[in-house]
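Please work through the exercises below with the sequence and the coordinates at hand. Each task is followed by a worked solution.

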Amino acid sequence: MSPDGATRAAIPVSFTLNGKPVTVTTDPVRRLTQVLRDDLGQTGTKVGCDAGDCGACTVLLDGAPVCACMVPVGRLEGHDLRTVEGLAAEGVLDRLQRAFLRFGAAQCGICTPGMLMAAGALLAETPRPTEAQVKDALGGVLCRCTGYRKIIQAVMAATDLDSHTPQAAVGAAVGSRIERLDGNPKVTGADRFGADTAPEGSLVVRVIRSPFHRAAFDLGDLTGFVAAHPGLVRVLTAADVPGRNLHGVIPDMADQPVFAVGETRYKGEAVAAVVGEAEAMEALDLADLPVTWTELPAVLTPAEALAEGAPRLHDRRPENTLMRGLVQRGELAEGFVAAAHVVEGEYSTGFIEHAYIEPEAGYARRVGDRIEVVACTQAPYMDRDDVAAILGLPKDAVRIIPTAVGGGFGSKLDLSLQPYVALAAWLLDRPARITYTRPESMASTTKRHPSHITARIGADADGRLTAMDFLGTFNTGAYASWGPTVGNRVPVHASGPYVYGAYRARSHAVHTNCAPSGAFRGFGVPQSAVAQETLFDELAERLGIDPLDFRLINALDNGSPTVTGQVFDTGVGFKDCLRALKPHWERARAEAAAANAAHPDGPRRGVGVAGMWYGCGNTSLPNPSTLKVGVKADGSLVLFQGAVDIGQGSNTVMTQICADALGLPVDRFQLIHGDTDLTPDAGKTSASRQTFVSGKASYLAGRDLRAQILRLTNASDGAAIDITAEAIRVSEGGTTSTIPLAGLKADAEGFVLMGQGTFDPPTSPLDANGQGEPYAVFGYGAHMVELAVDTRLGTIKLIKLTAAHDVGRAINPLLVEGQVEGGVAQGIGLALMEEFVPGRSENLHDYLIPTAGDVPEIETLLIEAADPLGPYGAKGIGEQALIPTAPAILNAIRHATGARVRHLPATPGTVLRALKDAGHAPVETPDHG
């Protein structure tokens, strides 16, 4: 079947694939991606958009990189094709693949095959390319995880790479820059993502979604529709849901239907799902389904939703208000009276799309009286609980098996495809699969909350903060999702890591007829940081104080109370981050001043700084993780860890921690991860919690197993342990005790010893004024941006970003740097280019994310102010790396030009308007905003 649905005669097409001749008999206009993946089993070539926008499907056609999704297979007759599967000769990784592993260039791995093929074409022509040449070669392949810097380094080093593979000595895994333990499948194309595997003969599911922001609808004769279309099996609707037709990440606020009933609340909401045989579903035009739509008035902004007479989205939520949050401390009026200077501002940000390169995909199958769902997810246990409720089953009748996850950033915490494939497989007793299209993914899944923020901040003549008053209104979309989490987290964090005389922060989450706003790397903190950190620069200027020194004057320190009254005696490394930036700051400001003086008519150079803090884990709620590690009767050492690795490296980090806690080398461990039948609940991969929370559970599991082994020989904790296929050996003081494995009783799974660790960070509820201990630990950081502003065009050129982050202890510095660089890239997108418009920017052509050419040099400074609770002192890093980038960019723009940008993104049109407001002469130019 061709992409346009027309049936054409199949013809043989012969070509060379990875050095071997192949012939396929097929429709010649079928996409090459379909033929490679479906007919030839070459799933290493990934599909991210089917429109030539993302480059994930890049292959080499006669040595030249092309997007396979845009190539009709008939073009291959007589030609040579290379895919990622052909890079490694006889199973041995080539230098480019090894370089990707060495430099940490593969994170989630979904873009990695495309990157490797594009880079391979470059290296074939230019073995030692410049950075500019690498950026140009990789410009057509998008990555949402890495920030591109590690990829660029890997490509530049590949030709001369040595064969050394970094190893960690026993007891020294923590702190080592070892390669990602699950990296090999990512660089060979063997990793299996949601769309890469499904049982033979699986039914295909396609979801019918609302074309309007709000609409009433009527479903017609669905039985007749199925009968009229051979190969279709069933159309599922709300009436087919055997359990609860609702789901939600916060159980007592679950409000999102699997299928809408009578009326839809946002464009992209599901009303039905068609299930059928693969060939019939490929030919099906969903517009033929008998559904009648009646468009209804919709509210798309909080202002519209709060207006008198606005339609209410949920009967039990008056005035379309989901929730309000509050943190207040001290006497606000007195604080502003005591201020020598007061600044205030109004800010706004729009919807931000997660834009992971892997659209949602997976399958389900019924196994007796149980259902198994195999899908890309960040939260398998949460998925299990909601799928069980939807199907009306006990929780233990549902098994969730995560695939490799091609990026998540928060959106894959919510259910997406899981209910549809589970319902189809359960009711029809056949495996059922689904792969979202890119427009479907972007229309229907969660976004970063748009914000409207007003803030007012005062400081005394010495530069000390006397008061801050903050109000943030957030567009939470049609359903709750993570809106309450954002609304509760923002008032705690809107202060930044600073000390105030008085403080009040309020949040208001408002329902609208937009896609649900959910979790996205920072849970609202990036939006609040834009306001607070840019106002700090204005306040410092009023006071005549250097912006970095102003932050040092007010920085939170050990023993200082936070805005919730929490006091940390140790582990507050924010001042260390600012001090680490000081020499870079002085150098960059001097260089910017010299450049501006030398070229008064050229682009204006500027340097900006911004700080951040972020509480690791849930806000004032239980947040436990459990991990297990065991020894089998054959000497195998197995770590059961349920912390889903979405590219951040939890598979590697958990093993490094457990290895040192147990006292054995990393390469001895086998890993079982994510499966709800096999691994304990390690909680969701979100809120920068896995290294801190699950990492501590991994440490405790390793220590538990070690203690059991030492007790068997009455050895002290200083003893050395070794495990072979026959025995456990414990050495101490020149003597060795041997424990034959055959003499230990094995359990039903073959384990003779099992250690377990559970950790739940200590927190306390916030009172009515938001006082309490919401997080057991915070991560801290600061970013410094160097840039140039073209005042004629309003364009921004980023020169360098220097990032200082207190991570407590860098378990794996290579992976930490990768997280920082990836967060920076997303911060650049937030600052300069990204804004999702519901109904308009539902593809990766109209919705722009940073490319390799948009990300400047990034220098990461790792600060290790160890936290006593974290494993080996470690804190999280995932969210932290994104938060200060955008405000640092805005501060640098203002330093360069005096222009205040208070609406994001700072597109050229927006910058030109700000320049005009700042007194720059207007230039006749198209409005790029």
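The exercises concern a predicted model and treat its nonpolar cores, a histidine and a sheet.

**Exercise 1.** Identify the residues with the most contacts inside the largest nonpolar core, and state which helix gives this core its largest share.

*Solution.* Step 1: the largest nonpolar core comprises 158 residues. Step 2: the most contacts inside this core belong to Phe 100, Met 115, Leu 138, Val 155, Phe 550, Leu 787 and Ile 889. Step 3: helix α15 (residues 525–543) supplies the largest share, 9 residues. Step 4: another core, of 38 residues, lies apart from the largest one and includes Ala 168 and Val 693.

**Exercise 2.** List the residues that Leu 138 touches, leaving out those up to four places away in sequence.

*Solution.* With that exclusion, Leu 138 is in contact with Met 115, Ala 118, Ala 119, Ile 151, Val 155 and Ala 852.

**Exercise 3.** Is His 783 buried or exposed, and which side chains form polar contacts with its own?

*Solution.* Step 1: His 783 belongs to strand β29 (residues 778–790). Step 2: its relative accessible area is 0%, and buried means under 20%, so His 783 is buried. Step 3: the His 783 side chain makes a polar contact of 2.7 Å with that of His 805 and one of 3.0 Å with that of Thr 885.

**Exercise 4.** Determine which strands stand at the edges of the open sheet β9-β7-β11.

*Solution.* Step 1: the sheet has 3 strands with antiparallel pairing. Step 2: β9 (263–264) and β11 (291–295) each have a single partner strand, so they stand at the edges. Step 3: β7 (residues 215–219) pairs with β11 over 5 bridges, and Leu 219 is opposite Val 291 in β11.

How values were computed
Residues are numbered from 1 along each chain as its sequence is written. This is a predicted model: local features need pLDDT of at least 70, side-chain atom pairs count only at pLDDT 80 or more; totals for chains, interfaces and linings use all residues. Side-chain values use heavy atoms; hydrogens and water are left out. A nonpolar core is a set of buried Ala, Val, Leu, Ile, Met, Phe, Trp, Tyr and Cys residues joined through side-chain atoms within 4.5 Å. Buried means under 20% relative accessible area, exposed over 50%, partly exposed in between (1.4 Å probe, protein chains only). Helices (H or I, at least four residues) and strands (E, at least two) are DSSP runs, numbered from the N terminus. Contact means heavy atoms within 4.5 Å. A polar contact is a pair of N or O atoms within 3.5 Å; within protein, one must be able to donate a hydrogen and the other to accept it, and residues adjacent in sequence count only if both atoms are side-chain atoms. Two strands pair if DSSP finds at least two bridges between them.
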